[in-house]
Amino acid sequence: MNITRRHGLAVGLGLATLSGAARAAAPLAKMQAPSFYRTRVGDTEITMLNDGIGTRPLAGFVRNASDAELRQALGEAFLPNDVYTTNYTPMVINTGRKLILIDTGNGEFGSADNGLLLQNFLAAGFTPDQLDAVVFSHFHPDHYNGFRRRDGSLVFPNAEVMVPEPEWNFWMDDARMTQTPEAQRGNFMGARRALGPVARNVTLYRWGQEVAPGVLAIAAPGHTPGHTVFAITSGTARFMMMSDITNNTSVFVKHPDWSMILDLDGEMARQTRHRMLDMAAAEGMECAFYHAPFPSVGHILRTAGGYELVPSQWVARL
Ligand SMILES: [Zn+2]
């Protein structure tokens, strides 16, 4: 059936008779409500925090697919296809004893469309001084820039700072930075700006170690040398924080062999992506992705050519 103006009018007229006199128009809000989303893993509570959205030119973003193919994939996902967009979604884990944050969003260094982590952290009922640890999955600016304000002050003053050891060793290596062409040193500099002043107090964690009780750091290199995902376990329940296994899941879960320019080692990232998505599909566990459409939580299904992220159902009471 085609919905026509005539159908609309018929319904509209019916309503007008019922509602009587016209009232003043409500203004458009043009804003979401505070955006956080909770889910539960056994006795552990997860809170996904929306840091907002970012855009970048789509030209050349995928190494092994054309701009036209990327544009088509974005269109098929009903996303803007003149520009590439992605969400940022840090995550709070409350084990009941420890409150930890995985990644810190864009802070004061992003655009008007992001840097919302702190306001959503507060809206979710947490206070910055409650946080026991900030755990970084890897050193890219959309993950560490929310750690420190422009004036240098720390956003989470009491939190232990935990960084994957191979990630620290890669980006904080002065010799490697010096050998890198100046135009490509931005991320070396950014990591120093954010983490340099606390370098002596940083806890370097290793893959296979827990960063908090029930939160296991798992090797997922390729995107960066120390890129880490996290398995959260409580009782028999398990949940995976997939970090940057994929960028926007609407594109890269369906096209797991596409290599985007932000993956430092494209082939290793591709293998890691398949390994993690296979595991998620086989075990049927709920997963979060840092760059999935908010609230960024769902289950992975294997499909003929790739995978699909099936969003979780929103429930009010956990
Ligand atoms: Zn990222």
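Me: Which residue of β14 stands opposite Met 241?
Reply: Happy to start there: in this predicted model, the residue opposite Met 241 is Ala 288, in β14.

Me: What makes β13 and β14 count as paired strands?
Reply: Pairing needs at least two bridges found by DSSP. Strand β13 (residues 237-241) and strand β14 (residues 286-288) are joined by three bridges, so the pair meets the requirement of at least two. The two strands run parallel.

Me: How do you know that the sheet with these strands is called open, and which strands stand at its edges?
Reply: The order of its seven strands is β10-β11-β12-β13-β14-β15-β16, and the sheet they form is open. At the edges are β10 (210-212) and β16 (307-311), each of which pairs on one side only. From one strand to the next, the twist averages 35°.

Me: What makes the pairing in this sheet mixed rather than of one sense?
Reply: The sheet is described as mixed, and examples of both senses can be pointed out in it. β13 and β14 run parallel, whereas β14 and β15 run antiparallel and are joined by two bridges. Within that second pair, Cys 287 stands opposite Gly 298 in β15. β15 and β16 are antiparallel too, with five bridges between them; there, Leu 301 is set opposite Glu 308 in β16. The connection from β15 to β16 is a hairpin through four residues. As general background, strands of a sheet pair through backbone hydrogen bonds, in either the parallel or the antiparallel sense.

Me: How do you know that helix α9 packs on this sheet, and which strands does the helix touch?
Reply: Contact here means C-beta atoms within 7 Å. Helix α9 (residues 266-283) touches β12 (228-234), β13, β14, β15 (297-302) and β16. The direction of α9 makes about 95° with that of β15.

Me: Now the loop between β14 and β15: what kind of peptide bond joins Phe 294 and Pro 295?
Reply: That bond is cis, with omega about 10°. Pro 295 lies in the loop between β14 and β15.

Me: What makes the phi of Ser 296 worth a remark?
Reply: Phi of Ser 296 is near 70°, a positive value in a residue other than glycine. Ser 296 is also in the loop between β14 and β15.

Me: Why is Ser 296 called buried or exposed?
Reply: The cut-off for buried is 20 or more other C-beta atoms within 10 Å. Ser 296 has 26 such neighbours, so it counts as buried.

Me: Where is Asp 103, and what is the sign of its phi?
Reply: Asp 103 sits in the loop between β6 (99-102) and α3 (117-123). Its phi is positive, about 70°, although Asp 103 is not a glycine.

Me: Why is Asp 103 called buried or exposed?
Reply: With 27 C-beta neighbours inside 10 Å, set against a threshold of 20 or more, Asp 103 counts as buried.

Me: What makes β1 and β9 the edge strands of their sheet?
Reply: That open sheet has seven strands in the order β1-β2-β5-β6-β7-β8-β9, with mixed pairing. β1 (36-41) and β9 (203-205) each have a single partner strand, so one side of each is left without a neighbour in the sheet. The twist in this sheet averages 25° from one strand to the next.

Me: How do you know that β8 and β9 pair, and in which sense?
Reply: Strand β8 (residues 160-164) and β9 share three bridges, where at least two are needed, so they pair; the sense is parallel. Pro 164 stands opposite Tyr 205 in β9.

Me: Which residues of α7 are buried, and why do they lie on one side or on several sides of that helix?
Reply: In helix α7 (residues 186-195) the buried residues are Ala 191, Ala 194 and Leu 195. They cover an arc of only 75° around the axis, which puts them on the same side of α7. The elements they pack against are α4 (141-144) and α5 (165-171).

Me: Finally, how do you know whether the radius of gyration agrees with that of a compact globule?
Reply: For 318 residues a compact globule would have a radius of gyration near 20 Å, and the protein chain has 21 Å, so the two agree. The C-alpha atoms fill a box of roughly 75 × 45 × 45 Å along the principal axes. Of the 318 residues, 40% count as buried. The chain comes to nine helices and 16 strands.

Methods: Residues numbered from 1 in each chain as written. Predicted model: local features only at pLDDT ≥ 70, side-chain atom pairs only at ≥ 80, totals over all residues. Axes fitted to C-alpha atoms, helices over the stretch in contact; angles between N-to-C directions. Contact = placed C-beta atoms within 7 Å. Buried ≥ 20, exposed ≤ 12 C-beta atoms within 10 Å, placed from the backbone. Arc of directions from axis to C-beta. Rg over C-alpha atoms; globule rule 2.2 N^0.38 Å.
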